[in-house]
Amino acid sequence: MRFPAFLRRRGVLVAVTAVLTLALSALGLRLWYAGPPGDTSLEAGFARDMQAHHAQAVQMALIIRDRTTDREVRTLAYDIATTQQQQVGQMYAWLDLWGLPQASLEPRMAWMRQGHQNMPGMGPRSAQMPGMATREQLKQLEQASGKEAETLFLRLMIPHHQGGVQMAQAAQGSGQPQVRRMARSILAAQKAEIELMRGMLAARGAAETTSPQAR
């Protein structure tokens, strides 16, 4: 018995649709069975370490808002504080959703070193978080005021943002869509703010300096 051509074509379409449906269902089951990220995963490490990294940026932003009357600097500080504090809340929620503790026995930046052994400052024994200001530098910022405080803030925040960019670039290898979205958001915002801060430093007749890593 020979079926009409349109039925044969329809039969092929139905068969292809059925195969695709089964394949997608199998993929969904594999993803479901894979479960949430583990305690030593890239995702968990990024969420924990970026929270700490953001927390210092928020701290510096709040300090400079009290140490200057410059509108541009205060606006930048407000943007950094509000954006990064919101992201801290999101990353805290991820860990809670994944059933993971907010702290870990893993060394800081272990998640990043696994795939970036040759990255500057990311050697196998390094537990440094890139771009972090030292306690002494934070104390200097608290004691400064006016143009001196503005210049110091910008000189500290530029390398801090550069460190955040490194971490966000590493997080783009995540298998979690929300982590990749966050990483892309951080990359776009902090790269733009780095250029803005460089212009602000130049307007003050100051040059960039390299911030030592906090131990």
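## The nonpolar core

In this predicted model, the largest nonpolar core has 51 residues, and Phe46, Met60, Trp94 and Phe153 touch the most other members. Helices H2 (42-67), H3 (71-97), H4 (110-113), H5 (135-143), H6 (146-171) and H7 (177-203) each chip in at least two residues. H6 gives the most, with 12 residues.

Take Phe46 for a look at the packing: leaving aside residues up to four places away in sequence, its contacts include Met91, Trp94, Trp111, Met167, Val179 and Ile186.

## Helix H3, end to end

H3 has 27 residues, which at 1.5 Å a residue should span 39 Å, and its end C-alpha atoms are indeed 39 Å apart. Its buried residues include Val73, Leu76, Ile80, Gln84, Gln87, Met91 and Trp94. H2, H6 and H7 are among what covers them.

At the N-terminal end, Asp70 acts as the cap, with a side-chain oxygen 3.1 Å from the backbone nitrogen of Glu72. Just past the other end of H3, Gly99 takes a positive phi of about 70 degrees.

## Salt bridges

There are five salt bridges in the structure. In one of them, Arg48 pairs with Asp39, with the closest N and O atoms 2.5 Å apart. Arg48 is buried at 11% relative accessible area, while Asp39 is partly exposed at 33%.

Asp70 turns up again here, meeting Arg204 at 3.3 Å, N to O. Asp70 sits in the loop between H2 and H3 and Arg204 in the segment after H7, so this pair ties together parts 134 residues apart in sequence. Arg204 also meets Glu150, at 2.9 Å. Glu150 is in H6, so that pair links parts 54 residues apart in sequence. Both Arg204 and Glu150 are buried, and shared partners join Asp70, Glu150 and Arg204 into one network.

Note on methods:
Residues are numbered from 1 along each chain as its sequence is written. This is a predicted model: local features need pLDDT of at least 70, side-chain atom pairs count only at pLDDT 80 or more; totals for chains, interfaces and linings use all residues. Side-chain values use heavy atoms; hydrogens and water are left out. A nonpolar core is a set of buried Ala, Val, Leu, Ile, Met, Phe, Trp, Tyr and Cys residues joined through side-chain atoms within 4.5 Å. Buried means under 20% relative accessible area, exposed over 50%, partly exposed in between (1.4 Å probe, protein chains only). Helices (H or I, at least four residues) and strands (E, at least two) are DSSP runs, numbered from the N terminus. Contact means heavy atoms within 4.5 Å. The expected span of a helix is 1.5 Å times one less than its number of residues. A polar contact is a pair of N or O atoms within 3.5 Å; within protein, one must be able to donate a hydrogen and the other to accept it, and residues adjacent in sequence count only if both atoms are side-chain atoms. A salt bridge is a side-chain nitrogen of Lys or Arg within 4 Å of a carboxyl oxygen of Asp or Glu.
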